[in-house]
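Reader: I'm new to this one, could you walk me through it?
Author: Gladly; let us look at it together.

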Amino acid sequence: MKYGLIGEHLGHSFSKQIQTRIAEIENVKDYDYQLVELNKEEFKEFMEKKDFKGINVTIPYKKDVIPYLDEMDESAKAIGAVNTIINVDGKLKGFNTDFGGFLYMVKAHNVHMEGKKVLIIGNGGACAAVKAVCEHEKAKDIVIVSRSADRGAIGYDEMYTSHLDADIVVNTSPVGMFPNIANAPIDVSWFHKLECVLDVVYNPILTRLCFEAQEANIKRVIGLEMLIAQAKYTFEIFENMSFDDSIIDEIKKEMLKDRCNIVLIGMPSAGKTTIGKMLEEKLGKEFFDLDDMIIAKAGKSIPEIFQESGEAGFRAIETEVAIEASKMNNKIIATGGGAIKHKVNMDFLRLNGITIFIDRDIDKLISSDPNRPLSSSKQALQQMHKERYPLYQKYAAYVAVNNANIEETVDDIVNSYHSILIDAVAD
């Protein structure tokens, strides 16, 4: 193997994609980068064999690799963790590019740590690099918080009783990482001075922690940028070359555009399904209809669900399906007209997606569809529109009007998608 990433579970790693893209942009030929999952025994054999030119190291081996090294750079020594190794004539040298990656993340978003209290959640390999950056940036107090109050960390109870005056929170723990995207390591509403949240988790695009900070009007920085930055610095070490940091932002925008979902909201018969299928063809993102997913999950039609379980039973299944859909990437997701009635649906769907409101004049909506039990008459449709319209506006990152030419509506969404995405997701 020439280059690669080793770790215990790599099924959702973006490292190969990023490294390959850097090679394409920098015109480096024959750049081979592999993902290598290793258990504890396989890890030992792999490191002893040394059959690689350069590797990245991730959970849980960032500290375990150290005994196999012949040399470490000053950054890796200071941090006590290694995420990059090169093999020079059988001699292994370790580096830590997490330091540079996190520092880039801090600088790119004008996060000022000097004189501030910083809480670092998690006490693994990434924590050490983040702590070193906080020290470099002259944070006044650095407090490490972990489930196990040891190795210099305090427990969550002590955090909530003694450190609610934190200015900045950095999550280095896996809490909130795919597939367990419902969780956040802290409740941001408890903190009275909190001005910024940074999360090194990069899947989902917007973690629950960052989402809750965003909802509370607290500055948040997503983890994808650190991942790309450290990959760029790793590539430079592997290939013994250097190039401009602008490539980090370029790749970030590409990945956001490629991985983010488009979530269509709007009244029944506003055109969400038709538009969704047209967007699928234009953007190459697979189309999903939440109503179809509900039918598949329940094993019965929507009218049958309403007849047997009422609207409450239907909404329960709808939320379960919305949570599952929120874990997907690079999809077009058309929601049912009432999905916006339950905040939890929209909270989940916005972790990996941007919401586009398909707005259609009420006199153009259908009021007699037997498959839509709640809009079976003109009067019912008008009342529904009155109740739901403010919610569509509230959750919309963009409003696409669909009153005349549907092709023009689709083109409007396609042409606006990238800028909408960067404004909605990137800080």
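Author: Before we begin, contact here means heavy atoms within 4.5 Å, and please keep in mind that this is a predicted model.
Reader: Okay, so which domains does the assignment give?
Author: The domain assignment gives domain 1 (3-95 + 228-244), domain 2 (100-221) and domain 3 (260-426).
Reader: How many residues of domain 2 are in contact with domain 3?
Author: On the side of domain 2 there are 14 residues in contact with 13 residues of domain 3, while the C-alpha centres of these two domains lie 34 Å apart.
Reader: And what area do domain 2 and domain 3 bury between them?
Author: They bury about 1,200 Å² between them, and 59% of that is on carbon and sulfur atoms. Within domain 2, the residues that lose the most area to domain 3 are Ile181, Ile205 and Phe211, which together make up 42% of what that side buries.
Reader: Which side chains meet in a salt bridge?
Author: Arg350 and Glu215 do, at 3.6 Å from N to O, and the count between domain 2 and domain 3 is one salt bridge. Helix H7 (residues 208-215) gives the most to the side of domain 2 that touches domain 3, with four residues.
Reader: Switching topic, how many disulfides does the structure hold?
Author: The structure holds zero disulfides.
Reader: Why does Cys134 not bond with Cys127?
Author: Because the sulfur of Cys127, the closest cysteine sulfur to that of Cys134, is 8.8 Å away, too far for a bond.
Reader: And is Cys260 buried or exposed?
Author: Cys260 counts as buried, because its relative accessibility is 0%, and its sulfur is 14 Å from the closest cysteine sulfur, in Cys210, which is too far for a bond.

Technical notes: Residues are numbered from 1 along each chain as its sequence is written. This is a predicted model: local features need pLDDT of at least 70, side-chain atom pairs count only at pLDDT 80 or more; totals for chains, interfaces and linings use all residues. Side-chain values use heavy atoms; hydrogens and water are left out. A disulfide is a pair of cysteine sulfur atoms within 2.5 Å. Buried means under 20% relative accessible area, exposed over 50%, partly exposed in between (1.4 Å probe, protein chains only). Domain bounds come from an automatic or database domain assignment. Buried area is the accessible area (1.4 Å probe) that two parts lose on being put together, summed over both. A salt bridge is a side-chain nitrogen of Lys or Arg within 4 Å of a carboxyl oxygen of Asp or Glu. Helices (H or I, at least four residues) and strands (E, at least two) are DSSP runs, numbered from the N terminus.
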